[in-house]
Amino acid sequence: AAVAAGRLGRMVLARADTKWFRSQKYYDEGGWRGTWELDGGGALMNQSIHGVDAIQWIASATMPDLGAACPVSEVFAYTAQRGHDEGAIEVEDIGVAVLRFRNGAMGQVLGATSMYPGSLKRLQIAGRDGTGEVLEDELITWAFREARDEDDGVRKKFGEATRSGGGASDPMAIDYTGHTRNIDAFLRWLDDDEPFMLDGTEARKAVAIIEAMYESARTGRAVSL
């Protein structure tokens, strides 16, 4: 809402970090994990896709005329396998990417399952007039060139430290509240025909961005979307 209202001013950066750790046991216990055929990719496609989806969606608030188009125009990425033995998994366990948005802003994505012991995920949206930053579920930065009376209330409401361990090292520690709310919204759409923001057209954008990252990593070139 702050981005859409122009409080951050001209958008500068959207960043998503998912610096997690997953043991070999994690991959071995699920036959689909760590495979191109069934997992679709590694740390970027599996673990980082939610952060990628978040930054592209928030950034799109500055581009109301996009329609169904992806707000990211270009991607350059590197991927590697650094934290697991060669051949133990098929996919990347570390990926870094830079993004160019259609409004000129820059983006950064870091996804890993190889960084022991793992860290809480981080999301940052910054402009020339303000910055918002979330560490897991905790709002750690909410600062604007032009402050408003309600800002203190926002900091108080969302500034509580994360109670769970997040997905840093244990996928079972991830707070499932977001999943519950998504399923609830979907069921309400089925029952009452309420508008549902997470339709197939919207959901495919994050997948397209990550597929562009993989193509860039394979070819060594920037990829346009």
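Me: Helices (H or I, at least four residues) and strands (E, at least two) are DSSP runs, numbered from the N terminus; on that basis, where in this predicted model is the place of threonine 141?

Reply: Leaving aside neighbours within four places in sequence, threonine 141 is in contact with Thr131, Gly132 and Glu133. Its relative accessible area is 22%, so it counts as partly exposed, the buried class being reserved for values under 20%. As for the element that holds threonine 141, the run covers residues 138-144 and is strand 7.

Me: How far apart in space are threonine 141 and isoleucine 209, C-alpha to C-alpha?

Reply: Isoleucine 209 is among the residues that touch the most other members of the largest nonpolar core, a group that also includes Leu99 and Phe101. In sequence, threonine 141 and isoleucine 209 are 68 residues apart, and the distance in space between their C-alpha atoms is 27 Å.

Me: Which element gives the most residues to the largest nonpolar core?

Reply: The core has 32 residues, and the elements that give two or more of them are strand 1 (11-19), helix 3 (43-47), helix 4 (49-60), strand 2 (72-80), strand 3 (94-101) and helix 7 (200-219). With six residues, the element that gives the most is helix 7.

Me: Which residue touches Leu44, Val52, Val75, Ala77, Ala97, Leu99 and Val109, not counting residues up to four places away in sequence?

Reply: Two of the residues touched, Leu99 and Val109, are themselves among those with the most contacts to other members of the largest nonpolar core. The residue that touches all seven of the named side chains' residues is methionine 213.

Me: Are the rings of phenylalanine 21 and tyrosine 116 stacked or edge-to-face?

Reply: Phenylalanine 21 lies in the loop between strand 1 and helix 1 (24-29), and tyrosine 116 in the loop between strand 4 (106-112) and strand 5 (122-127), so the pair ties together parts that are 95 residues apart in sequence. Tyrosine 116 is exposed, at a relative accessible area of 67%. The ring centres are 5.2 Å apart and the planes stand at 90°, and because an angle over 60 degrees decides the class, the pair is edge-to-face.

Me: What is the distance between the charged end of arginine 7 and the centre of the ring of phenylalanine 144?

Reply: In another arrangement of this kind, the charged end of arginine 22 sits over the ring of tyrosine 26, 5.4 Å from its centre. The charged end of arginine 7 sits over the ring of phenylalanine 144, and its distance from the ring centre is 3.8 Å.

Me: Is glutamate 136, which meets lysine 121 in a salt bridge, buried or exposed?

Reply: The salt bridge has an N to O distance of 2.8 Å, and it links distant parts of the chain, with lysine 121 in the loop between strand 4 and strand 5 and glutamate 136 in the loop between strand 6 (130-135) and strand 7. Lysine 121 is partly exposed, at 32% relative accessibility. Glutamate 136 has a relative accessibility of 7%, and because the limit is under 20%, it counts as buried.

Me: About how many helical turns separate arginine 155 and aspartate 152?

Reply: These two residues form a salt bridge whose closest N and O atoms are 2.7 Å apart. Arginine 155 is partly exposed at 34%, whereas aspartate 152 is exposed at 55%. Because they are three residues apart in helix 5 (residues 151-158), their separation is about one helical turn.

Methods. Residues are numbered from 1 along each chain as its sequence is written. This is a predicted model: local features need pLDDT of at least 70, side-chain atom pairs count only at pLDDT 80 or more; totals for chains, interfaces and linings use all residues. Side-chain values use heavy atoms; hydrogens and water are left out. A nonpolar core is a set of buried Ala, Val, Leu, Ile, Met, Phe, Trp, Tyr and Cys residues joined through side-chain atoms within 4.5 Å. Buried means under 20% relative accessible area, exposed over 50%, partly exposed in between (1.4 Å probe, protein chains only). Contact means heavy atoms within 4.5 Å. Rings of Phe, Tyr and Trp (its six-membered ring) pair if their centres lie within 6.5 Å; planes under 30 degrees apart count as stacked, over 60 as edge-to-face and the rest as tilted. A charge sits over a ring if NZ of Lys or CZ of Arg is within 6 Å of the ring centre and within 35 degrees of the ring normal. A salt bridge is a side-chain nitrogen of Lys or Arg within 4 Å of a carboxyl oxygen of Asp or Glu.
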